[in-house]
Amino acid sequence: MTERFFPGNKFLKPIKMKSKILYIGTLLVLLTASSLSAQEELPKDWNTEKIKGIRFIPYDHYQGNSYLTENFVPGVVVLDGGIKIANLNLRYCEYRDELLYYNAEILTQINIDKISIKSFSLTDENGVVRIFRQQFYNGFIPGNRFFELLCDGDVALLVYRKVVLQDCPVYYDETRGLKNMSFQNAFSYYLYNSKKGYEPIALDKKSLLSKFRESDQGQVRKILRENKIRLKDEDSFVKAWKLLSSNNILPVFGSKP
Amino acid sequence: MVGIKSELKVERKLLTILLLLTALLGRAQVTDTFGLFTDRDLYASGEFILIKVFTPTSVPSGIVGIDLVSSTGNKVTAAFLEVKDQQADGFIELPDSLSSGTYLLRSSTRTGTAQTWKELYIANRFKGLPESNAFPRLSAGDPAQGINVQTIQLEGIEKAYSRKANGHFLLRLPPEIAIQKDNSLSVCISREVQGYHTHSFPVIVDKKSDPSIGNDGTIIEGTILDQETAHPFKNAVVMLSVPDSVPGFKYCTTGENGRFIFKLTNYYGKIPVVVQCYDPEKKRLLKIVRSNPENFSASLPTLVNQEFSADLLKMIAKNIESANYRKIFQQQELVIRPKPVALAEKYPFWGVPSQVIYPKLFIDLPNFDEISRELLPLVKFRSYNRNPTLQVFNVQRNNFFSDQPLLLLNGVPVRDLNDIKEMGTREIDRIEIAQSERFNGNLRFPGVVAISNRKLDCSRIKESDELIKLTLDAVQPPYAINPPLEHPGKEPDLRQVLLWQPSLKPEQTMEINFRTSDIRGSFKITIRGKGNDGKIFSGEQIFEAN
């Protein structure tokens, strides 16, 4: 056809074909782009205004750590209504069991209303994501507390990271002030089931074994021995707990520690 | 020649692919429309339009807006229906003052491009028959629905029933419909108007709103202007309050374009709303300008004039008569069931109060100055030289805040203290005080004094350029039609809709019961539903009531 209208032009045929493919290709790309354009628009964040709290007033400094992290770290808060607010600067105060948020726009540390929080997570300085849930504790000194979730499941392993201010040998602080009190860890570990409630657990082998049936205790010992796990701290305890869960050895909830 | 042939083959293939793609895209847009149905096509003013909507597959949940528009494109009224499992049902109450004529019902979502229009005739029940001999009607087009499935069998319907008689029939659905438990069926038995039947017409419009807003909730939007320059004002704080026992509160800060937008969810029925703004630097006076309502005339389908038939005029007269009698006998057509508002918050937005005072328990005090002196500990309200001041004690710092605290009247921030200075103990049920520096997002409140009364009366707060009061139509609450008559033996039963079951779960065999009214004439049984393939099916049968 092209040769009839353009005799001798050997370049016209391939160019015409190519251009057709090009035109159709461009048309298809345009069609796809127009249908995708709506998805590219990022959703507005309607939730940042929903953080409510009071100004955080710093308290006296003593020896020891009263916060989970040294500084404010990135985290996510899930409010009671299920609204998730990400990219917040958070810091958990273990001494007062409070969640602090640094509002960079108004340069203020805010103590978020505990009643409004369902759960929160923050990434600590080591890059580990720490998940906390607000739950009602019905044991000694009942009330709403933030529990760190060490292992989730039907029976969850929780820790209440309470720090207390206690008497200690006299020392000089950074300002050369004489002090006789320091922050001490008073962590409490619990097994938790939503129906059966809390059961305290200690971080030792005896306490761990007591949570399993006598018939399973031999297998528990064997798994710990084979994996060379010595229950001496929180990390080894969590590791053992996860290992037992993965081997389908389930605890008997309600037994005495 | 071989080269030319191969070139033509490739060309044909490419064109075929292109045509197929275009056809597929076009088809997806056309079939993905609303199914919009009403109980009748002919109404009298003051009656209710019962509405059933099957939403496009792209709108499985959210809110569908129903607008009643006059034939000239003026919006009469609207309703917002909650969409569940791709369907919604609700009603529109027709104003008594509506003039006779053709009206259009439109279903749409905030972000979707699909709309469906349906025409109705509404006669004014006071003026009687229309003076004009012609009325506008939608010009012929491609109806959105009306795909009758012959396999829907209606068994046991008699040709005629006597008045006030019980009737029933069996509805047999084909298995492919019955197994779709997520679908819903609507069954309607209403008065049939011979010679006047309307259809719904789908329309595809340009995208209306930002898709990130979503289809749920009620939206309030507008612009904040500088009163002096009339230019959009940046960094204005705009606050929205919903006076309630647990008040709602939202705020936003305007950008370069001065725009603000709020989305209210979990509210039902008509809700009072107060929107106010201020310049945080207290330098400029501002003005709130709400966004203009949508222009309907742009998307209005074409209408052509048609003459009234004798049958239609007769039916209009009968319809007006029935509606008037129902009004005379005060027979309710529809009862709105109050839906308890799901409280989004466990506690008020100003926090858990540190003190709560009930002034009515004390002696009568004539104004707020006296109340603060006698009843409110650590709250200083002083009204010297017509310039009142209010201060709250900061328990965190053990001194008084130098700034004015957040003062609330039934949850609405009050910026002018003169509005409350004359309030005595008789007007106040409860005063809550928060004595710490509170934050709501980026807003700082140096203490809070929240005054409330049971009537939720905010009339003391004056409207201005910086404060507007509105009544918003939120999501429609649940309803029930044809409540039982107070004196069933003595009153005439003038129901024009004998049965309205908008959300029945499909089963292979369903028994439907109804009772005829005192109205003589033809009635139509209409079954509608949406199949798994997104297509709407329907079945119809007519019977007489003598």
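What follows is a chat about how the labels used for this predicted model are earned.

User: Let's start with chain A. What makes A:Leu107 count as exposed?

Analyst: It comes down to counting neighbours. A:Leu107 has 7 other C-beta atoms within 10 Å. The cut-off for exposed is 12 or fewer, so A:Leu107 is exposed.

User: And where in chain A does A:Leu107 sit?

Analyst: In the loop between β4 (98-103) and β5 (108-112) of chain A. Those two strands form a hairpin with four residues between them.

User: What makes the phi of A:Leu107 worth pointing out?

Analyst: Most residues other than glycine have a negative phi. A:Leu107 is not a glycine, yet its phi is positive, about 50°.

User: How do you know that β4(A) and β5(A) are paired?

Analyst: A pair needs at least two bridges. β4(A) and β5(A) have four, in the antiparallel sense, so they pass. For one of the bridges, put your finger on A:Leu100: its partner in β5(A) is A:Asn111.

User: What else does β5(A) pair with?

Analyst: Strand β1 (residues 52-55) of chain A, antiparallel again, through three bridges. There, A:Arg55 stands opposite A:Ile110 of β5(A).

User: Why is A:Gln184 called partly exposed?

Analyst: Same kind of count. A:Gln184 has 17 other C-beta atoms within 10 Å. Exposed stops at 12 and buried begins at 20, so 17 falls in between and the residue is partly exposed.

User: Which residues does A:Gln184 touch, leaving out those up to four places away in sequence?

Analyst: A:Gly64, A:Val163, A:Val164 and A:Gln166. Also, the C-alpha atoms of A:Gln184 and A:Asn65 are separated by 7.7 Å, though these residues are 119 apart along the chain. A:Gln184 itself belongs to strand β11 of chain A.

User: What is β11(A) paired with?

Analyst: Strand β10 (residues 163-172) of chain A pairs with β11 (residues 178-185) over seven bridges, antiparallel. A:Gln166 is bridged to A:Ser182 in β11(A). This hairpin has five residues between its strands, and A:Arg176 in it takes a positive phi near 65°.

User: Now a helix. How do you know that the length of α4(A) agrees with what a helix should span?

Analyst: Helix α4 of chain A covers residues 214-226, which is 13 residues. You multiply 1.5 Å by one less than the number of residues. That gives an expected 18 Å, and the end C-alpha atoms are 19 Å apart, so the two agree. Just after α4(A), A:Lys228 takes a positive phi of about 50°.

User: Over to chain B. Why is B:Asn266 partly exposed?

Analyst: B:Asn266 has 14 C-beta neighbours inside 10 Å. That is above the exposed limit of 12 and below the buried limit of 20, so partly exposed is the right label. You'll find B:Asn266 in the loop between β18 (259-264) and β19 (270-278) of chain B. Its phi is positive too, near 65°, in a residue other than glycine.

User: What makes β1 and β6 of chain B edge strands?

Analyst: First, the sheet: three strands form an open antiparallel sheet in the order β1-β3-β6 (chain B). β1 (35-38) and β6 (87-93) each pair on one side only, which makes them the edges. From one strand to the next, the twist averages 20°. Between β1(B) and strand β3 (residues 48-54) there are four bridges, and B:Thr38 stands opposite B:Ile51 in β3(B).

User: How do you know that the largest nonpolar core lies between two domains of chain B?

Analyst: Start with the core's members. There are 112 residues, and B:Leu81, B:Leu408, B:Val448 and B:Val449 touch the most other members. Strand β8 (residues 114-123) of chain B gives the most to this core, with six residues. Domain 2 (32-206 + 297-339 + 478-545) and domain 3 (355-451) of chain B both give residues to the core, so it lies between them.

User: And what is B:Leu408 in contact with, aside from neighbours within four places in sequence?

Analyst: B:Trp350, B:Pro413, B:Val414, B:Val448, B:Ala450 and B:Ile451. Another core, of 33 residues, lies apart from the largest one; among its members are A:Leu99 and A:Phe132.

Conventions
Residues are numbered from 1 along each chain as its sequence is written. Chains are lettered from A and ligands numbered from 1 in the order in which they are written. This is a predicted model: local features need pLDDT of at least 70, side-chain atom pairs count only at pLDDT 80 or more; totals for chains, interfaces and linings use all residues. A nonpolar core is a set of buried Ala, Val, Leu, Ile, Met, Phe, Trp, Tyr and Cys residues joined through C-beta atoms within 7 Å. Domain bounds come from an automatic or database domain assignment. Two residues are in contact if their C-beta atoms, placed from the backbone, lie within 7 Å. Axes are lines fitted to C-alpha atoms, for helices over the stretch in contact, and angles run from 0 to 180 degrees between N-to-C directions.
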